[in-house]
Amino acid sequence: MIKYMATITLPETLTEEFISLIPQQRFAVSRLIEKNIILNYSLSADKSILWVAFNATDEEHVRKIIKRFPLVK
């Protein structure tokens, strides 16, 4: 496994639909942390950026994981 860092920009305006997905996001991230796939997950103070450190086989693997995040939908 190789370590990767992803920077994810969140929308400026958070809709009710987006906010409703946050509990699902937290659950998904917790599961990936337990599996040692996510090493670190941080939200900026202004809540505009997420930084996520991954253990993954390659960049495509990281992209696939991120695409499954509830907030990405």
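Two strands are said to pair if DSSP finds at least two bridges between them. In this predicted model, such pairing joins strand S1 to strand S3, and Ile 8 stands opposite Leu 50 in S3. S1 and S3 run in the antiparallel sense and are linked over 8 bridges. S1 covers residues 2–9, and S3 covers residues 49–56.

S3 also pairs with strand S2. The two strands run antiparallel and are joined by 5 bridges. Two positions illustrate this pairing: Ser 42 has Trp 51 of S3 as its bridge partner, and Asn 40 stands opposite Ala 53 in S3. S2 and S3 together form a hairpin, with 5 residues between the two strands. As for the side chains of a strand, a general rule applies: in a regular strand they alternate between the two faces of the sheet.

The surroundings of S3 were examined next. Of the 8 residues of S3, 6 are buried, so the strand is largely enclosed by the rest of the structure. Two residues of S3, Asn 55 and Ala 56, serve as examples.

Asn 55 has a relative accessible area of 8% and therefore counts as buried, the cut-off being under 20%. Its side chain reaches the backbone oxygen of Asn 36 at 3.1 Å. When neighbours within four places in sequence are left aside, Asn 55 is in contact with Met 1, Ile 2, Lys 3, Asn 36, Ile 37, Leu 39 and His 61. Asn 36 thus appears both in the contact list of Asn 55 and as the residue whose backbone oxygen is reached by the Asn 55 side chain.

Ala 56 is buried as well, because its relative accessibility is 0%. Residues up to four places away in sequence not being counted, Ala 56 touches Met 1, Ile 2, Tyr 4, His 61 and Val 62. The C-alpha atoms of Ala 56 and Ile 37 are separated by 6.8 Å, while the two residues are 19 residues apart along the chain.

At the end of S1, the setting of Thr 9 was considered. Thr 9 belongs to S1 and is exposed, with a relative accessibility of 64%. Its C-alpha atom is separated by 12 Å from that of Ile 66, a residue 57 places away along the chain.

The loops on either side of S2 contain residues with positive phi. Asn 36 is placed in the loop between helix H2 and S2. Its phi is near 65 degrees, a positive value in a residue other than glycine. Asn 36 is partly exposed, with a relative accessible area of 45%, whereas Asn 55, whose side chain reaches the backbone oxygen of Asn 36, is buried.

Lys 47 is placed in the loop between S2 and S3, that is, in the turn of the hairpin. Phi of Lys 47 is near 60 degrees, again a positive value in a residue other than glycine. With a relative accessible area of 53%, Lys 47 is exposed. Ser 44 lies in the loop between S2 and S3 too, but Ser 44 counts as buried, at 11% relative accessibility. Apart from residues up to four places away in sequence, Ser 44 touches Ile 49 and Trp 51. Trp 51 is also the bridge partner of Ser 42.

Finally, the pockets of the model were examined. The largest pocket holds about 230 Å³ of space. Its lining consists of Leu 10, Leu 14, Phe 18, Ile 22, Gln 25, Arg 26, Tyr 41, Leu 43, Lys 47, Leu 50 and Leu 71. Helix H2 (22–34) and strand S2 (38–43) are the elements that give two or more residues to this lining. The largest share, 3 residues, comes from H2. Sorted by class, the lining has 8 nonpolar, 1 polar and 2 charged residues.

Two of the lining residues have been met above. Leu 50 is one of the residues lining the largest pocket, and Leu 50 is also the residue of S3 that Ile 8 stands opposite. Lys 47, another residue of the lining, is the exposed residue with positive phi in the hairpin turn.

Notes
Residues numbered from 1 in each chain as written. Predicted model: local features only at pLDDT ≥ 70, side-chain atom pairs only at ≥ 80, totals over all residues. Heavy atoms only, no water. 1 Å grid on protein atoms, 1.4 Å probe; cavity = no way out; pocket = protein on both sides within 12 Å on 5 of 7 lines; lining within 4 Å. Points joined across faces, edges and corners; volume = space filled by probe spheres on them. Helix = DSSP H or I, 4+ residues; strand = E, 2+ residues; numbered from the N terminus. Nonpolar A, V, L, I, M, F, W, Y, C, P; charged D, E, K, R; others polar. Buried < 20%, exposed > 50% of the residue type's maximum accessible area, 1.4 Å probe, protein only. Polar contact = N/O pair within 3.5 Å; in protein donor to acceptor, adjacent residues only side chain to side chain. Contact = heavy atoms within 4.5 Å.
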